[in-house]
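Please examine the structure shown below before reading on. The explanation that follows leads through its helices, its core and the contact between its chains.

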Amino acid sequence: MSAGRPPSLLGATWVLVRKDLLLEWRTRARANALVFFALATLLLFSFALGPDTTILRRAAGGTLWLAILLASVLALGESFRVEQENAALDGLRLAPADARALFLAKSLANALLLMLLGAVILPVLAALAGVTLVQGPGPMAVVLVLGALAIAGPGTLYAAISSQARARDVLLPLLLFPLLIPALVAAAKATSLVFEGDPMLQFQSWLGLLAGFDLVYWSLGFVLFPRVLED
Amino acid sequence: MTHALFTVVGVAVVGGGLYALVRGPASWRAGVAVLALVLLVSGAWYGLVQAPPDREMGNVQRIMYVHVPAQWMALMAVTLNFLCSVAYLFRPSWPKDALAEASAEVGLFFGAVGLVLGSIWGKPTWGVYWSWDPRLTSEAILLVAYAGYLALRRFIDDAERRAVWSAVVGIIIAVDIPIIWFSVRWWRSLHQMQSSPSTVDPDMVRALRWNAFAFLALWLVFLSTRYLIARARTEREMAPPPMVAEAAT
């Protein structure tokens, strides 16, 4: 970056994403905690649904996304908590970083973390529930990417709000969960179709819904995030 | 053409009524509350006695006369909340914020009433209270979302931040409505289609209209009262502490 000229939107986003990922990489504390939290959730679901493997197999798509969703609340809350230490968020805004770049960077970093989480717990789920990727790894990867984006986009916006409110640990899931139900339905259905085959060719429609959700909420977050940060 | 005219006139009358109730003396609100009570009693008489029983559902169908108006009022309140949220972000002002808060709470109330009445109606007609019907399911999701909106308002102490953030959340929830609707409809469907007034017994139409006006009067009273409470609270928050106020005079 040359001195004096403000960085472009994408340039600033790139720097901020690198900053977030570097912070994460230095300790890896959040990623480790998330993985073990999600694994514990998977085990809990397996115990709650019983040892009957046919039930576990049919519920596998929903189980995967519920584990990711529950873990995401912790990840999202944490991603803004670190910015409040030493008023780092104010420092970033004075840098000056465009608030929209901040939104893109935070959402992208959170989405990457959730994709990684999904990729790590997927083999464990496959073993626990006895499912295989009937459709192959390609469609599964697409669902993981779109689903992680769907959680991270609105999740980052809401985390920015709730991190500065009282009772933020209650507030974030209370705001986020009802909003994400369409994304959860689409991601869980699409994942089940990957696990069990897609004789009715419904996979595309669910992916379309998920992609539409991503598009709507990333654009909305992009437009509204500056208003959330301003004082 | 006539539909558009009705809509414009309706919006003007409701908006004017709301404005009058908010600005006028408290006795006006009391008057409309009495009117709502009279309308509700006579609406119940129309719905329970005057209107004929439904050909297929029998007397059970009479719950429609309160279920549908409650849902209309919830829809109106949610629309108002969305409009206030957008307007606030473009040009902030306290009345818009207070109206957004009032409409979210009133919408939550009427939505909850409509939801409960709908599931009571569902038991004898569909055989179950909760059928995962797309409309009721979407509405249940939205009620939780607006409960989150109201919780957010309670958890932020700074009045200006509360106004901006809840406007953002109000817009986000409103945008989710069509997406929720589509996803849940693909997921499952059972709800009956609406009937048009031209195919329905005039007594049934009258019972529904009467109750709709009763609910509208109630809606206006609730909304204006809740608005005044919200305004009073923000004013108290923004006011200087008593010592400072005394020193200034």
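The face of helix α1 of chain A that is turned away from its buried side carries the exposed residues L10(A), R18(A), L22(A), W25(A) and R26(A). The model under discussion is predicted. Helix α1(A) covers residues 9-27, 19 residues in total, and its first and last C-alpha atoms are 28 Å apart, close to the 27 Å expected at 1.5 Å a residue.

Opposite the exposed residues, the buried residues of α1(A) are A12(A), T13(A), L16(A), D20(A) and E24(A). Because these buried residues fall within an arc of 105° when seen down the axis of α1(A), they line one face of the helix. The general geometry accounts for such spacing: an α-helix has 3.6 residues a turn, so residues three or four places apart point the same way. The partners of the buried residues of α1(A) are two helices of chain A, α2 (29-49) and α5 (99-129), against which they pack. Just after α1(A) comes R28(A), with a positive phi of about 60°.

A positive phi also appears in chain B, where G127(B) follows helix α4(B) and has a phi near 95°. Helix α4(B) comprises residues 94-126; its 33 residues should span 48 Å at 1.5 Å a residue, and the 46 Å between its end C-alpha atoms agrees with this.

The discussion now turns to the interior. The largest nonpolar core has 141 residues, and those with the most contacts inside it are A187(A), L210(A) and W219(B). Helix α7 of chain A (residues 168-196) gives the most to this core, namely 18 residues. Beyond its neighbours within four places in sequence, W219(B) is in contact with M73(B), M76(B), V106(B) and F110(B).

Within helix α8 of chain A (residues 203-229) lies G221(A). This glycine, G221(A), counts as buried because it has 25 C-beta neighbours inside 10 Å, and 20 or more suffice for that class. Leaving out residues up to four places away in sequence, G221(A) touches F103(A), S107(A), G153(A), P154(A), T156(A) and L157(A). Its C-alpha atom is separated by 20 Å from that of G208(A), 13 residues away along the chain.

Finally, the two chains meet in a contact that takes 23 residues from chain B and 21 residues from chain A. On the side of chain B that touches chain A, α5 (134-155) and α6 (159-187) of chain B each supply at least two residues. The largest share of that side, 14 residues, comes from α6(B). By character, the residues on this side of chain B are 20 nonpolar, two polar and one charged.

Terms used:
Residues are numbered from 1 along each chain as its sequence is written. Chains are lettered from A and ligands numbered from 1 in the order in which they are written. This is a predicted model: local features need pLDDT of at least 70, side-chain atom pairs count only at pLDDT 80 or more; totals for chains, interfaces and linings use all residues. Helices (H or I, at least four residues) and strands (E, at least two) are DSSP runs, numbered from the N terminus. The expected span of a helix is 1.5 Å times one less than its number of residues. A residue is buried if 20 or more other C-beta atoms lie within 10 Å of its own, exposed if 12 or fewer, and partly exposed in between; C-beta atoms are placed from the backbone. The arc is that of the directions from the helix axis to the C-beta atoms. Two residues are in contact if their C-beta atoms, placed from the backbone, lie within 7 Å. A nonpolar core is a set of buried Ala, Val, Leu, Ile, Met, Phe, Trp, Tyr and Cys residues joined through C-beta atoms within 7 Å. Ala, Val, Leu, Ile, Met, Phe, Trp, Tyr, Cys and Pro count as nonpolar, Asp, Glu, Lys and Arg as charged, and the others, Gly among them, as polar.
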